[in-house]
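I opened the coordinates with a short list of things to look up. The entries below follow the order in which I went through them.

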Amino acid sequence: MKSSALGALGIAIFLALWEVVGRTGLAGISWPPLSDVLETLTDASRLPLFQRALSATLASTALGYAWGTTAGLALAALAHLLPPLRRGSDRLAAVLNSVPSIALGPIFLVLVSRESTPAAVSSIHVFFIVFVSVSAGLQRATPAHRDLFSVLGADRFRRFGRLELPAALPALVSGLRLAWPAALIGAIIGEWFGAPRGIGILIINAMQNFQIVLLWCAVLLAVGSSLFFYGLLTLLERAAYRRFG
Amino acid sequence: MRPFLLRPFLLRIIEDYWGILLLLIAWESWVVLSRVNVIVMPTPTAVLGDLAAHPGVYLDNVGSTLLVSLFGLVVGMAVGTGLAVAAWFSPLAAGLLNPLTVLFSSVPVVALIPVIARLLGYDTSTVLAIVVIITFFPSFVFASSGLRQPPPGSEDLFRVLGASRLDLLRRLALPAALPNLAIAFKLAAAHAILAAMVAEFLMGTSGLGYLFAKTKADFQTEQAFGASAVATIISASAFLAAGWVEKRVRERYS
């Protein structure tokens, strides 16, 4: 209990410092006080703007999250069931993860529509994290369990479905937790390439028009939604570890 | 020495790189077959041709991106490790810092680039700041947990032999944290270059990200893709090299 009180104190000190720096103008006009930002954020006339942007970005993030998870799971399962493909799929995933997100934007702009580009960029980020964590998780079943399944006459597909996949679930959920902020980043970068609306568009517009408070609002929205889902997935992760860990 | 055999060599290449080869072949044939405009989407061979034709343009920008990523990586890891040591010394600092780092590790850092640019200016210092931030979190988190996990019993031995808190840090906790720091290095190295590139893309002063933004705006798509290809290769090699370092450190210190 003492550590959580200290933690709350740490966050409170951080927020207070932010307000003080903004009020005194220590960091110049680019650092507005927290209270100003919150006021704009909760301003009724701005609410529709923020709502549209946030829902567009969250929709892209969720879609990219689903695509990326499916692709990551599929490649990890394929590499696990067909060992000769393993080294090549590791390398493919590592290289895909090394492609700069700003280069993915223009590629997906041609491959899919302008509206789907944010989701597609975000799916690449998610794909790598899910692939790596599931690949590691599939190795977690103990040799004794494997032998037991073999003795009882299970082929590798049945062993995969009944033993290895359940054993990989905690790793998958850990991966899913880490993948959410990455998915959000992908969606925001993807939006820079001509999406009609979203947090990424809001950030870029506010930056180019020097609307400082609006810029901070957009950043807070991104951070807040990221924290919310990250917390939710942390709860899910704990449940998964209790059941399958 | 074994004789060089072509067949096993080719098999090995296919085994290691089938995914990447398939991707490149699919890309090339798709551009050719769908007759998509080469300004919109160049073929991999065209990109390769541009890389061979203008190595100077790429080298200049690679230099500045590498320099800023490397410097940022060093500073970020130093700050992260330093704060982890502070948290190791003082439970108060640990209590204050831990939730903040958890908070920040889930923050989409890319969203902070425009804010930092407003504070530091639209130049290389912002790129540096982004790299420092992105490498700081993994090093703090991994160094903290590493400092707290010395081999069982070793801490008692040090106490019995009358080691001071500083000795304990220097001779036990820090060496014990090295494998963890190496993991942080592996995670941070590949990301440092990619984060630098996104920041350069927005700042538009120098580097591979700047080259990408400029050439794309001028419809020199081949060069834009060339810049991305170079960044991909550097980032993937950084990941592999850091993985090699991590393995060596793990073997030596644990």
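Before reading any helix pair, I noted that axes are lines fitted to C-alpha atoms, for helices over the stretch in contact, and that angles run from 0 to 180 degrees between N-to-C directions. I also noted that this is a predicted model.

**Entry 1. Helix 6 and helix 8 of chain B**

I looked up helix 6 (residues 124–147) and helix 8 (residues 165–203) of chain B, whose axes come within 7 Å and cross at roughly 160°. Angles over 145 degrees count as roughly antiparallel, and helix 6 of chain B and helix 8 of chain B are therefore roughly antiparallel to each other. I recorded the crossing of helix 6 of chain B with helix 8 of chain B as right-handed. By residue type, I found 22 nonpolar, 7 polar and 1 charged in the contact of these two helices.

**Entry 2. The nonpolar core**

Which residues have the most contacts inside the largest nonpolar core? I found A:Ala218, B:Ile130, B:Val131 and B:Val198 in that role, in a core of 135 residues. Helix 8 of chain B gives the most to this core, with 22 residues. I then followed B:Ile130 and, leaving aside neighbours within four places in sequence, listed its contacts as B:Val109, B:Ile113, B:Ile116, B:Ala195, B:Ala196 and B:Ala199.

**Entry 3. Where the chains touch**

I next turned to the two chains and found 41 residues of chain B in contact with 42 residues of chain A. On the chain B side, at least two residues each come from helix 1 (6–34), helix 4 (91–105), helix 5 (113–120), helix 8, helix 9 (208–217) and helix 10 (221–253). Helix 4 of chain B gives the most to this side, with 8 residues. I noted that the chain B residues touching chain A divide into 29 nonpolar, 8 polar and 4 charged.

**Entry 4. Chain A as a whole**

For chain A, I counted 10 helices and 0 strands. The C-alpha trace of chain A spans about 70 × 55 × 30 Å along its principal axes. Of the 245 residues in chain A, buried residues make up 41%. I also looked at contacts in chain A between residues at least 6 apart in sequence, and 76% of them join residues at least 24 apart.

**Entry 5. Helix 5 of chain A**

Why is helix 5 of chain A described as largely enclosed by the rest of the structure? I found that 8 of the 11 residues of this helix (residues 101–111) are buried, so the description follows. The buried residues are A:Ser101, A:Ile102, A:Ala103, A:Leu104, A:Gly105, A:Pro106, A:Phe108 and A:Leu109. Within chain A they pack against helix 6 (117–138) and helix 8 (156–191), and in chain B against helix 8, helix 9 and helix 10.

I then examined the pair formed by helix 5 and helix 6 of chain A, whose axes come within 9 Å and cross at roughly 135°. That angle makes helix 5 of chain A oblique to helix 6 of chain A. Their crossing is right-handed. From helix 5 of chain A, I listed A:Ser101, A:Leu104, A:Gly105, A:Phe108 and A:Leu109, which meet A:Thr117, A:Ala120, A:Val121 and A:Ile124 in helix 6 of chain A. The residues of this contact divide into 6 nonpolar, 3 polar and no charged.

**Entry 6. A:Ala182**

I selected A:Ala182, which is found in helix 8 of chain A. Is A:Ala182 buried or exposed? With 24 C-beta neighbours inside 10 Å, A:Ala182 counts as buried. Not counting residues up to four places away in sequence, A:Ala182 touches A:His125, A:Val126 and A:Ile129. I noted a C-alpha separation of 6.6 Å between A:Ala182 and A:Val126, which are 56 residues apart along the chain.

**Entry 7. Positive phi in two loops**

I looked for positive phi values in residues other than glycine and recorded A:Phe210, with phi near 55°. A:Phe210 is found in the loop between helix 9 (199–208) and helix 10 (212–244) of chain A. With 11 C-beta neighbours inside 10 Å, A:Phe210 counts as exposed.

In chain B, I recorded B:Phe219, which has a positive phi of about 60° although it is not a glycine. B:Phe219 is found in the loop between helix 9 and helix 10 of chain B. I noted 12 C-beta neighbours inside 10 Å for B:Phe219, which counts as exposed.

Conventions
Residues numbered from 1 in each chain as written. Chains lettered and ligands numbered in written order. Predicted model: local features only at pLDDT ≥ 70, side-chain atom pairs only at ≥ 80, totals over all residues. Helix = DSSP H or I, 4+ residues; strand = E, 2+ residues; numbered from the N terminus. Parallel < 35°, antiparallel > 145°, perpendicular 65-115°, else oblique. Left-handed = near helix turned anticlockwise from the far one by under 90°. Nonpolar A, V, L, I, M, F, W, Y, C, P; charged D, E, K, R; others polar. Contact = placed C-beta atoms within 7 Å. Buried ≥ 20, exposed ≤ 12 C-beta atoms within 10 Å, placed from the backbone. Core = buried A, V, L, I, M, F, W, Y, C linked by C-beta atoms within 7 Å.
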